[in-house]
Amino acid sequence: MDIQRAIEWQHAFQSTYKNYPPEATEAVNIAIQALEKQIPKIPVGVRVGVNTIVDSCPSCGNALCVKGDYCPNCGQAILWEDAND
Ligand SMILES: [Zn+2]
């Protein structure tokens, strides 16, 4: 099962079982957020000066000074291949 399918199942559980206690609903929401961060996203360009644009995390906006697989601030998976197209 891929991550997107797992997220769809989490949403399905939420919409099916309406009588979860609030803590269970919060737990599912946290799980969905964690799963969504595993789907790689392309960095966004953020202008930090007149002629300077910095690759930044699309989820939290953290400047990505090193081309790592994940944002060091929030854990978002980063897809670099398409970033310079
Ligand atoms: Zn981030």
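Confidence in this predicted model, given as pLDDT (the predictor's confidence in each residue, from 0 to 100), averages 89 over the protein, and 95% of the residues score at least 70. Among the elements, strand 2 has the highest mean pLDDT, 93, and helix 1 the lowest, 89. Residues are numbered from 1 along each chain as its sequence is written. Local features need a pLDDT of at least 70 and side-chain atom pairs count only at 80 or more, while totals for chains, interfaces and linings use all residues.

The protein is divided into domain 1 (3-36) and domain 2 (40-85), with bounds from an automatic or database domain assignment. Their centres, taken over C-alpha atoms, lie 27 Å apart.

Helices (H or I, at least four residues) and strands (E, at least two) are DSSP runs, numbered from the N terminus. Helix 1 covers residues 3-16, and its end C-alpha atoms are 20 Å apart, in agreement with the 20 Å expected for 14 residues; the expected span is 1.5 Å times one less than the number of residues. The count of buried residues in helix 1 is 0, where buried means 20 or more other C-beta atoms within 10 Å of the residue's own, exposed means 12 or fewer, and partly exposed lies in between, with C-beta atoms placed from the backbone.

Turning to the strands, strand 1 (residues 44-47) and strand 2 (residues 53-56) run antiparallel and are joined by 4 bridges; pairing requires at least two bridges found by DSSP. A hairpin of 5 residues connects strand 1 to strand 2. Val54, in strand 2, is the bridge partner of Val46. Val54 counts as partly exposed because it has 15 C-beta neighbours inside 10 Å.
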